[in-house]
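Me: Please take a close look at one part of this model, and then set it against the rest of the chain. Which contacts, exposures and distances describe it, and how confident is the prediction?

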Amino acid sequence: MLQLLVIGCGGAIGALMRYVLGFRITLLAGNAFPWGTLFINIVGCFLAGLLLTLFVTRIPLSDVLRNGIQIGLLGGFTTFSAFSMDTIALFDQGLWLRGVLYIITSVIVSLLGAYLGMSVGRNI
């Protein structure tokens, strides 16, 4: 029961962080391209890679706390469901090149973010 509560609280915090950050990025960059979702996915993947590596190599945490951070907080923060809807919206608007660019950039840079996060975590 404690595990569910910790994951749920982490998820709520992550979702609120995603909303506020995404909203602010959209205000700054405009909504012609889903910059907020892209940024959040990249940062979320970086943090997942970094924290997973640190939790395994340097910062031992209980399963409850580790799952609360990784499944709850980062799961609520990253936005691949929003990524999917943003991509479909671009396609529905006939912006095929932007949609494909968004897919490629999201996947490649998010994977790179996770890899870089793991690299940083290994070298701290």
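Reply: Leu73 sits in helix α3, which covers residues 63-77; a helix here is a DSSP run of H or I of at least four residues, numbered from the N terminus, and a strand is a run of E of at least two. The coordinates come from a predicted model, in which local features need pLDDT of at least 70, side-chain atom pairs count only at pLDDT 80 or more, and totals for chains, interfaces and linings use all residues. Residues are numbered from 1 along each chain as its sequence is written, and side-chain values use heavy atoms, with hydrogens and water left out.

Leu73 is classed as partly exposed because its relative accessible area is 23%; the class lies between buried (under 20%) and exposed (over 50%), with a 1.4 Å probe and protein chains only. Setting aside residues up to four places away in sequence, Leu73 is in contact (heavy atoms within 4.5 Å) with Gly10, Gly11, Ile13, Gly14, Met17 and Gly68.

Two C-alpha distances place Leu73 in the chain. Leu16 is 57 residues away from Leu73 in sequence, with a C-alpha to C-alpha distance of 9.8 Å. Gly99 is separated from Leu73 by 26 residues in sequence and by 28 Å in space, again C-alpha to C-alpha. Leu16 belongs to helix α1. With a relative accessible area of 58%, Leu16 counts as exposed, whereas Leu73, at 23%, is partly exposed.

Gly99 leads to another part of the model, since Gly99 is one of the residues that Leu90 touches. The other partners of Leu90, not counting residues up to four places away in sequence, are Ala32, Pro34, Leu95, Arg98 and Tyr102. Leu90 and Tyr102 also belong to the largest nonpolar core, together with Phe33, Leu38 and Phe83, five residues in all. A nonpolar core is a set of buried Ala, Val, Leu, Ile, Met, Phe, Trp, Tyr and Cys residues joined through side-chain atoms within 4.5 Å.

Phe83, a member of that core, is in turn among the contacts of Asn41. Asn41 is a residue of helix α2, residues 35-57, and is counted as buried because its relative accessibility is 0%. Besides Phe83, Asn41 touches Thr78, Thr79, Phe80 and Ser110, with residues up to four places away in sequence left out.

For the chain as a whole, the secondary structure consists of five helices and zero strands, in the order α-α-α-α-α from the N terminus. The C-alpha trace spans about 50 × 30 × 20 Å along its principal axes. Of the 124 residues in the chain, 30% are buried. Among contacts with a separation of 6 or more, 74% join residues 24 or more positions apart.

Confidence is given as pLDDT, the predictor's score for each residue from 0 to 100. The chain average is 93, and 100% of the residues score at least 70. Helix α1, where Leu16 is placed, has the highest confidence in the chain at a mean of 96, and α4 the lowest at 88. Predicted coordinates should not be read in detail where pLDDT is low.
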